[in-house]
Structure formats: structure tokens, C-alpha cells
Amino acid sequence: MLSIKNLHASVGGEEILKGINLEIKAGEVHAIMGPNGSGKSTLSQVLAGSETFEVTEGEITLNGENLLELETEERAREGVFLAFQYPVEIPGVSNLQFLRTAVNAMRLHRGEPEMNAAEFMKHAKEVSKQVDLDPAFLKRGVNEGFSGGEKKRNEIMQALLLQPKLAILDETDSGLDIDALHVVSDGVNALRAEDRAILMVTHYQRLLNHIVPDYVHVLAGGKIVKSGGRELAHELEERGYGWLGVKDEEATASSSVT
Amino acid sequence: MKSAPTLSSAFLQPAGEFLPGPLLELRKQRGTALVDMPLPTRKTENWKYSSRHLKLSDELAASLPSSGKEGSSLALPGYRVIFRNGVMVPEASDFPDMNGIRIQRFCDLDDQEAAALAERLDNTLDSHAVQMARLNSARFEDGLLIQLDKEAVLDQPLFIVHEVTASSAGSAYPRIYVDAARHSQMTLVEEYISSGNEPVLVNTVTEFVLAEGAQVTDVRLTLEGENVQHIGATGVRQAATSRFESHCVGFGGPLRRHDLQVRLEGEGAECKLNGVVVTQGKQHYDNHTSIEHVAAHCDSEETYRNIAADESHAIFNGRIHIHQDAQKSNANMSNKNLLLSTGAEIDTKPELEIYADDVKCAHGATIGQLDKTSLFYLVSRGIGRREANTLLTMAFINELVEQVPVEAVRDAVQLRLNDFFNQAFQEI
């Protein structure tokens, strides 16, 4: 499904990713953990095609397709989805209009007929229930005035609507209370499928109690320094990042918080 | 030293012999006063950005014939009056026959009515500030007089389609005068359109006089083509507790200029002035507004948004003048602007003159660009760049578009704006 080879990326001349190698097969859930500043979010953004970062070396393919040659919107249409760490507020564009435009862009790409407003409304209402969002939010501006939890649920709702091949979840658990964490986790678990890959980026272990990954990788200093099974997450929770030769005071201090 | 350019005498030969005597006489007087009228130059403060776009060559002085091919108006439901090249087309018009509401073309007024109107024309405008409106007063060939009696309420919007047929070069001088008696109400939609490709000048004046408690809403849509210079003026005088709303939606052209002057002359009068301007290519749009708080306890709220693409230029100049006796005035002015390209230019200038000491007066102006993070968010969901840009740009003005009264007008405006942005973002 997703293959990343020797990926280097920089911003403003400063190299953030220093040779990432990662293979994710269809049906698998991978978690990337690591201290702040290790390059986790950069990796998510680079995969989605952010222009903030410059890829200087390496390759990324999705089902054999070279993602680096595709614009952000083309990647999305090929099935890449990024749940943002900080979803953007766009007053003046209603959620409904935004979601319908996105869904129809995908449908058009797949050669399917567009959904009209009534059809889409019905569909969107059903999906909004799945992530416990009041359908009234559809009429509001995109993420406008949403709480942190509502924003994250809206991200998962978008993933459910767009049915991507590769879902990248960037710190989707941050800022969530325990109830919201359950809702979001249920949504992500509903996304798990034989033909879909999920990449979770997280600072903390707690999300992984709800969404159990097949593989865990530790990203530090722009490289993956350790990979393992789900037990690696527990080990990190107990021992922090120090034993890997990685400094992260925050992660160590808060590793007991779940 | 080069002497300042003056109005060519070719412009002082009006047509329109069907006007009643008193109006012909008024026109003649106004024309005489225009002999050697200096044209605005770069040094004329209120024309400094636009004078070089004002091109009054002699070929534009000719009156356009009142016949010609019909353009395509928005075809909206409601009462309708069609003006072609400044002259009413009765057979294409359909306006109400209602008690208390009199709608007459200037050419149909008897001498007594015409004399009464002649007394009042131009009384809403500060002629020094709106130099070009004086040309209309010397040249109008017809016009529409709308009189609402006390408490009369027009039950549907009245559309006035001002069409200019540019099959030859020339000019047209549409004119509207609205006299709203106490507690009367109406909604007017002025639509300015064109057909044909020859260079033309459209020079318009619309005047509103609102008596106590009257409520008038004016929607103004400027939709003419690339061959049209449009110079318009709107003057409003408001008595106590009257309410005036203006919704201007303007699409750019080689020259678009609108002067909007409102005088709040009676206590408790309110006005709301909304404006949306979009420009692309090398288009030019210049809005000058002026609100005079003459009486105490009046409210004014003004919100203008400009969006400029390519190498176009948009200007907003908003003046608020609070007179010494206008205590407890409440004035709010906001002008936000969006530059869609590095070659575009927007100039904004709030002008506040406050002579009373107990007033609330707020103003704000910003100029910005589309937010890159928002754009990334939209395209990361598979939305095309062009559509994403259009969505974000529409978001910038939605608040104002949604306030446009009459659903059919609102929908038509939305559609036109969408088309405009799709074209503006073609290269993306």
C-alpha cells in the first residue's frame, strides 16, 4: 500500500526528516510515536502534500503511484487522507457545502455521479451520528467555534465520508476528554478495513489502548529509531524514550497519564 | 503650464426633446453652469486614483438612440421598468397600479408636476463632491419619478433595468427620483446592464427622499460590459426614524465609480450601507461613500468588501461626518479587502470628522490575502484548487451576499459571483 524510502524533507533549509523508511500494507494499522519535534507532524504533512515542506530526497508510493509527483488534491483523490492536528476554521463556508464539495470531487474522480444536496444531507446526517456530532453543526461554518473535541470528530467524520485508502491521523487524540476519545476511537476502528491502511501519529500511548496498532515505530531526530509490535507502545509507556537514547521530558513526565 | 482639461462642449448638447418644459429649462441651466467645467485630475483628491480612467472623448458625447437590441437582464419576478439608454421603454415595463403609489416617467409629467420635480432634483447631493452627477442633470432625457403616499407599502420589489445598447459610441443618463412619504415602504432593485461592444459612458443619478418613518431598500447591481464607463451617484436624505438600506454589488469594468451620499437629518434615522466589489483583469472600481450625521440619535452601519484579482484596482473611501448637534450618534464602518494576486491594488481610506462629543463611532479597514492553511485544508480533501479558491473567496463576502433582500436577487448575485471567481481563478 504505502511505501516510504529514504525520505528527507526540510523547511526553510533545515532538515526535519532525515531518511525515513516505512512500509505499510493494506489492512494494517501503524502507530508512529516520538517526542515533540521528532518530525511526526512533518511526516504527516509531507504525505498529504503540504507546500510548507520541501522533499529533498527519497520516494513515497501509494499502490505503486509516485505521490511526490501529485498535487495535494490529486493525492486526496488517490485515497490519501490526513486528519489534521489543528483542523482549520473557515467561517463563511458551511460544513455542509465543504463536505459535499469534497465528496463530489472524489465521486467525479471515480466516475460516479455527484450527490445532490438532499441525498448528501441524508448521508451526512447518518455519518454525523456515528461520531456523535449534532447534525446542526452541518449548517455552521467549517470548524467555526467548534470545541477541540468537535473538531477532531469532524475530522473522523470526513474520513468516514471520503473512505480513503490511507488515513493518516495526526495527534487525533490530543485535546480530547475521555468520552470524546471513545467516540473518535470508535470512528477510527470503524475505518479499519482489509483494503485500507491507517497511520496514527501520536505523542502518547493512551490512544493505542483504544485503537490497537499492528506495528509501532519510534521517530526521533527525523529517523525511525525503533520498530516493533504493539508491545513496544507499552514499553514506551513504562520506560519513556530515554532507553532509546532519545530525550523527551514531557513524554516521560506524562507517561503515567492515560 | 498645461491648463486643466475641461468638459468638451460636445457634451453640452442634450437630446430628449420630449421632456416637459420645466425639466428642459432645468437641464439648460445646469448645462450652462458646466461650460468650462474642469474635469477631475490626479490632483483632485476624490478622483486621484480614477481620473486617468475617465475618458470623455467627443465620440462619447453623442446620445445613444433609444431603440436597439435588448440585453439580457436577470429576469426576476416583481414589478419591472425597463430603461434603454436612459429612456423608458413603456411596452417592456410592468409596474403597479396601486393606491398611494405613483410611478411616472419624466416625459409623462405635466408642467405642474415637472416644475415641482425640477425644484427638488439634485437636492440630495453635494454637487461639489459629485462633480459628474452635474453632467447627468444637464443631459438626462427621461427618468422615473416614484412617489409613495403616506403609509403606502409597495407589495413587491420594483426592478428598474437600466440597459445601455452600445452598437455605436455614445452616452446615456439614467435618472431616478424616489419620494417616500411618512411610513411608506418599498424595495427597489436597480440593475445596470449593457449589450454591444462600442465604447459608452453611463452616467446615473438616483435620489431618495425619506419622510418620517419611511423605509426604503435599494439594491444596486452593476453588471455592464468591458466597453462601459459607469459613473453613478446616489443621494439620500432621511427624516426622523426613517430607515434606508443600500446593497451595492459591483462587478468591475474599465471605470466604475459610485458616489453614495446619505444625510441623516431627523432624530432616530438609520441607514445600513453594504457593498461588495469584485474586479479582475485590468478593471477599476471606485466607491466613495459619505454619511452625514446631522441630527442626534441616528445610527449608521456601513460594511464594504473589495476583492481584486490580476492587475485590477479597487478603491473604498468612506466618509463619516458627525455634526456638532448630532449627539448620541452611533456610526460603524468596516471595510475589508482581499487581494487575490500580487499585481492587484486596493486603496481604502476611512475619513471621520466628528464635531459632537457624545458619540459612538467605530471604523476598521483591513487588506489581506487568502489564507494558505485554509486552502491546504480544502485541497487535502480532494477539492480542486479553483473551487477551493472560489469557496474561500465567496466566504469573504457571504455575510453581505446573504443580506441582499429578495431571494431571487440573492441567488442571481451568488451565481454571477461564482462565475466571476471561476474565471478569475482560471489560471490556477
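**Figure 1. Where chain A meets chain B.** In this predicted model, 20 residues of chain A are in contact with 17 residues of chain B. Four elements of chain A each supply at least two residues of the side that touches chain B: α2 (72–77), β7 (90–94), α3 (95–109) and α5 (148–162). The largest share comes from α3(A), with 5 residues. Sorted by character, the residues on this side of chain A are 12 nonpolar, 6 polar and 2 charged.

**Figure 2. Two helices of chain A side by side.** Here we look at α5(A) and helix α6 (residues 178–191) of chain A, whose axes are 10 Å apart and pack at an angle of about 10°. Angles under 35 degrees count as roughly parallel, and α5(A) and α6(A) are therefore roughly parallel to each other. On the α5(A) side, the contact is made by G149(A), K152(A), R153(A), I156(A), A159(A) and L160(A). Their partners on α6(A) are A180(A), V183(A), V184(A), G187(A), V188(A), A190(A) and L191(A). Taken together, the residues of this contact divide into 9 nonpolar, 2 polar and 2 charged. If you wonder about the spacing of such positions, an α-helix has 3.6 residues a turn, so residues three or four places apart point the same way.

**Figure 3. A mostly covered helix in chain A.** Helix α1 of chain A runs over residues 40–48, and 8 of its 9 residues are buried. You can find them one by one: K40(A), T42(A), L43(A), S44(A), Q45(A), V46(A), L47(A) and A48(A). Just after α1(A) comes G49(A), whose phi is positive, near 100°.

**Figure 4. Chain B as a whole.** Moving to the partner chain, we meet 6 helices and 20 strands in chain B. The radius of gyration of chain B is 21 Å, close to the 22 Å that the globule rule gives for 428 residues, so chain B is as compact as a globular protein of that length. Its C-alpha trace spans about 70 × 55 × 50 Å along the principal axes. Of the 428 residues of chain B, 52% count as buried. Among contacts in chain B between residues at least 6 apart in sequence, 83% join residues at least 24 apart.

**Figure 5. An annotated stretch of chain B.** This view picks out residues 167–396 of chain B, which an unreviewed UniProt entry annotates as "domain: SUF system FeS cluster assembly SufBD core". The span is 60% strand and 9% helix. Its end C-alpha atoms lie 37 Å apart.

Conventions: Residues are numbered from 1 along each chain as its sequence is written. Chains are lettered from A and ligands numbered from 1 in the order in which they are written. This is a predicted model: local features need pLDDT of at least 70, side-chain atom pairs count only at pLDDT 80 or more; totals for chains, interfaces and linings use all residues. A residue is buried if 20 or more other C-beta atoms lie within 10 Å of its own, exposed if 12 or fewer, and partly exposed in between; C-beta atoms are placed from the backbone. The radius of gyration is taken over C-alpha atoms; the globule rule is 2.2 Å times the number of residues to the power 0.38. Two residues are in contact if their C-beta atoms, placed from the backbone, lie within 7 Å. Ala, Val, Leu, Ile, Met, Phe, Trp, Tyr, Cys and Pro count as nonpolar, Asp, Glu, Lys and Arg as charged, and the others, Gly among them, as polar. UniProt positions are given in the numbering used here, feature names are shortened, and annotations may be inferred rather than shown by experiment. Axes are lines fitted to C-alpha atoms, for helices over the stretch in contact, and angles run from 0 to 180 degrees between N-to-C directions. Angles under 35 degrees count as roughly parallel, over 145 as roughly antiparallel, 65 to 115 as roughly perpendicular and the rest as oblique.
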